[in-house]
Amino acid sequence: MAISSSLSLCWVSTTIPDKFQLTLPNHNNELPRATTTAYFSSKNITCSAEPAAIDESHCKRRPLLLGVGALTTSLLQASSLFAEEIPEKYRAFVDKVDGYSYYYPYDWRDFDFRAHDSAFKDRYMQLHNVRVRFLPTNKTDIHELGPMEEVVSDLVRYKLASPNQYATIFGMQERNIDGKNYYTVEYGLQTTNFATNSFATVAIGNGRFYTLIVVANERRWKRYRNQLKVVADSFRMLDI
């Protein structure tokens, strides 16, 4: 079976893992289609609320690298993630059981992050990581929680910041992708000992409130911001 004119796949198994990591060749860094409206703001928030417990079978052309298992045709149809090629130097994490997917830098490794469903971190740079968690909800869409500015401000103040952290919101963005709504916020957290900058993407679907956070040391944020924005924008809810 061939995907596009530049890639041939050789199937080595018919087992479809429920959670897997995938690397595909790519010629650009475009993400799947999205309708975007953005609102940017800058505000400082002093936080005093409690924190939340918060990757002979030979391919004739380019190789397909799988974190675990192999693909079948039905797997390729499981997510709109595969409608476009994965950006260069990224891998895809897909969780069909829990209904979500996202990209992460190809050289990051998985690790356990307390109370989160999946997480990957940089091998060398402290604090650089991405993690995803979800909580049950009776809501069906992020819009049901209220206006974006209100929802994002409350998220940063009461969920993402601890009482001893000073929070600054740099901007926020709303996107609609395949009929699903997502809010993304860029923010910074500072204490007397260290400071970090982050993106957080939140969405509601499958009876769950999903939160993806990708974070870096504040001193390296300017250098790595665009790389980490790809991760934040890549989050997708899958139908389960």
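Here is a friendly chat about a predicted model of one protein chain.

Colleague: Hi! What should I keep in mind before I look around?

Modeller: Hi! Keep in mind that this is a predicted model.

Colleague: Got it. How many helices and strands does the chain have?

Modeller: The chain has 3 helices and 16 strands.

Colleague: And how much of the chain is buried?

Modeller: Of the 240 residues in the chain, 51% are buried. The chain exposes about 12,300 Å², and carbon and sulfur atoms supply 47% of that area.

Colleague: Let's talk strands. Which strands does strand 15 pair with?

Modeller: Strand 15 covers residues 208–217. Among its partners is strand 11, residues 129–136, which pairs with strand 15 in the antiparallel sense over 8 bridges. Strand 14 also pairs with strand 15 in the antiparallel sense, over 10 bridges.

Colleague: Can you give me residues to click on? Which residue stands opposite R208, for example?

Modeller: Try P136, which stands opposite R208 of strand 15. On the strand 14 side, F199 stands opposite V214 of strand 15.

Colleague: Why do you call strand 15 largely enclosed?

Modeller: Because 10 of the 10 residues in strand 15 are buried, the strand is largely enclosed by the rest of the structure.

Colleague: What sits between strand 14 and strand 15?

Modeller: Those two strands form a hairpin with 2 residues between them. N206 is in that loop, and its phi is near 60 degrees, a positive value in a residue other than glycine.

Colleague: Is N206 buried, partly exposed or exposed?

Modeller: N206 has a relative accessible area of 30%, so it counts as partly exposed.

Colleague: Where else can I find a positive phi in a residue other than glycine?

Modeller: Look at D178, where phi is near 50 degrees. D178 is in the loop between strand 12, residues 166–177, and strand 13. Strands 12 and 13 form a hairpin with 2 residues between them, and D178 is in the turn. With a relative accessible area of 35%, D178 is partly exposed.

Colleague: How do strands 12 and 13 pair?

Modeller: They pair in the antiparallel sense over 11 bridges. One bridge to look at links Q173 with T184 in strand 13. Strand 13 is mostly covered, with 9 of its 11 residues buried.

Colleague: And what happens between strand 13 and strand 14?

Modeller: Strands 13 and 14 run antiparallel and are joined by 8 bridges. They form a hairpin with 4 residues between them.

Colleague: Which residue is in that loop?

Modeller: One of them is T191, in the loop between strand 13 (180–190) and strand 14 (195–205). The side chain of T191 reaches the backbone nitrogen of N193 at 3.1 Å. Leaving out residues up to four places away in sequence, T191 touches N164 and Q165.

Colleague: Why does T191 count as buried?

Modeller: Its relative accessibility is 15%, and the cut-off for buried is under 20%, so T191 counts as buried.

Colleague: Let's go into strand 14 itself. What does V202 touch?

Modeller: V202 lies in strand 14. Apart from neighbours within four places in sequence, V202 is in contact with I142, L155, N181, Y182, Y183, F209, Y210 and T211. V202 is also the bridge partner of Y183. V202 counts as buried because its relative accessibility is 1%.

Colleague: How far is V202 from L212?

Modeller: They are 10 residues apart in sequence and 6.4 Å apart in space, C-alpha to C-alpha.

Colleague: Now for something on the outside. Where is D112?

Modeller: D112 lies in the loop between strand 9 (109–110) and strand 10 (118–121). Its relative accessible area is 78%, so D112 is exposed. D112 and R131 are 19 residues apart in sequence and 9.3 Å apart from C-alpha to C-alpha.

Colleague: Last topic, helices! What does helix 3 look like?

Modeller: Helix 3 runs over residues 221–234 and has 14 residues. From its first C-alpha to its last it reaches 19 Å, close to the expected 20 Å. Helix 3 bends by about 35 degrees at Q227.

Colleague: Which residues of helix 3 are buried?

Modeller: The buried residues of helix 3 are W221, Y224, L228, K229, V230, V231, A232, D233 and S234.

Colleague: Thanks, I'll go and click through them!

Notes
Residues are numbered from 1 along each chain as its sequence is written. This is a predicted model: local features need pLDDT of at least 70, side-chain atom pairs count only at pLDDT 80 or more; totals for chains, interfaces and linings use all residues. Side-chain values use heavy atoms; hydrogens and water are left out. Buried means under 20% relative accessible area, exposed over 50%, partly exposed in between (1.4 Å probe, protein chains only). Accessible areas come from the Shrake-Rupley method with a 1.4 Å probe; for residues, only the protein chains shown count as cover. A polar contact is a pair of N or O atoms within 3.5 Å; within protein, one must be able to donate a hydrogen and the other to accept it, and residues adjacent in sequence count only if both atoms are side-chain atoms. Contact means heavy atoms within 4.5 Å. The expected span of a helix is 1.5 Å times one less than its number of residues. The bend at a residue is the angle between axes fitted to the seven residues ending there and the seven starting there. Two strands pair if DSSP finds at least two bridges between them.
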